[in-house]
Amino acid sequence: MRKSLVSCALAVTAAVGAAGCGGSSSGGAPAAKANPQADPKATVTAFIAALKSGDIGSVCNYVQMPSGVSGSCPDLLGQALAGRGAFSGNAAVGNDAVSGNEALVVTTGSFSAFGTAVKNSDPNAGLPSGGTSFAAAYSAAQADPKSPDVCLLKVGSDWFVSPSTG
């Protein structure tokens, strides 16, 4: 069974914490701005930073809304935030697994998003291993709001967090 967008928002944002992105230049010509969505781990790092900022519009820059969902990302995430703590604690980006245009990125740390607590110290938690296929690991991450794994989809050359719908 696939969960509702609100539950998915819990899972997506539960899998994030105190990470940031950015860079610096040591002078001379300005450095070219890196694409924060060029790879799955960079996307999750940027998504985490957006969540920590509390700016729903920025968060939505990293979310690919499923087709058939009525309402905009800012409206739907705003509804998910209503009456819940948005984010507390801290997390980091662990390892990832990529299969075609889908990816899983593990987060580590102890944090809470939308009132759902997540604690994970294994940078490989939930990734395919042994007899577990990528498809099974991806489905499991989508179905578990306490999963430390973030599901992503590649659209064109950019990666996006992929919430599921119920």
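**Strand pairing**

I began with strand β2 and looked up its pairing with β4 (residues 149-155): the two run antiparallel and share 5 bridges. The model is a predicted one, and I read every entry here with that in mind. For one bridge of this pair I noted the partners, E102 in β2 and L153 in β4.

Next I looked up the pairing of β2 with β1. Strand β1 covers residues 87-99 and β2 covers residues 102-113, and they pair in the antiparallel sense over 11 bridges. I picked V93 and found T107 of β2 as its bridge partner. I then checked the connection: β1 and β2 make a hairpin with 2 residues between them. In that turn, G100 has a positive phi of about 60°.

β2 also pairs with β3 (residues 116-120), again antiparallel, through 5 bridges. Here I recorded S110, which stands opposite K119 of β3.

**Chain layout**

I listed the secondary structure and got 5 helices and 5 strands. Along the sequence the order is α-α-α-α-β-β-β-α-β-β.

**Disulfide**

How many disulfides does a search of the whole structure find? I found 1. C60 and C73 are the cysteines that are joined, with S to S at 2.1 Å. The torsion about their S-S bond is about -85°, so I logged the disulfide as left-handed. C60 belongs to helix α3 and C73 to helix α4 (residues 73-81), so the pair ties together parts that are 13 residues apart in sequence.

I then asked whether C60 is buried or exposed. The cut-off for buried is under 20% relative accessible area. C60 has 14% relative accessibility and therefore counts as buried. C73, with 9%, counts as buried too.

I also looked up C151, which counts as buried because its relative accessibility is 6%.

**Nonpolar cores**

The largest nonpolar core has 18 residues. I asked which of them touch the most other members, and the list is V44, F47, V59, V63 and L152. Two or more residues of this core come from each of α2, α3, α4, β2, β4 and β5 (158-161). Helix α2 gives the largest share, 6 residues.

I found a second, separate core of 10 residues, and its members include A97, A125, A141 and C151. The C151 I had looked up for burial is thus one of the residues in this second core.

**The loop at G54**

I looked up where G54 sits: in the loop between α2 (40-53) and α3 (56-60). The cut-off for exposed is over 50%. G54 has 56% relative accessibility, so I entered G54 as exposed. I also took the C-alpha to C-alpha distance from G54 to F87 and got 8.5 Å, for a pair 33 residues apart in sequence.

**Whole-chain values**

The chain has 166 residues, and 39% of them count as buried. I computed the accessible surface of the chain as about 7900 Å². Carbon and sulfur atoms account for 51% of that surface. Last, I looked up the contacts with a separation of 6 or more: 67% of those in the chain are between residues 24 or more positions apart.

Definitions and conventions. Residues numbered from 1 in each chain as written. Predicted model: local features only at pLDDT ≥ 70, side-chain atom pairs only at ≥ 80, totals over all residues. Heavy atoms only, no water. Helix = DSSP H or I, 4+ residues; strand = E, 2+ residues; numbered from the N terminus. Buried < 20%, exposed > 50% of the residue type's maximum accessible area, 1.4 Å probe, protein only. Disulfide = S-S within 2.5 Å. Pairing = 2+ DSSP bridges. Core = buried A, V, L, I, M, F, W, Y, C linked by side-chain atoms within 4.5 Å. Contact = heavy atoms within 4.5 Å. Areas by Shrake-Rupley, 256 points an atom, 1.4 Å probe, with all protein chains shown as cover.
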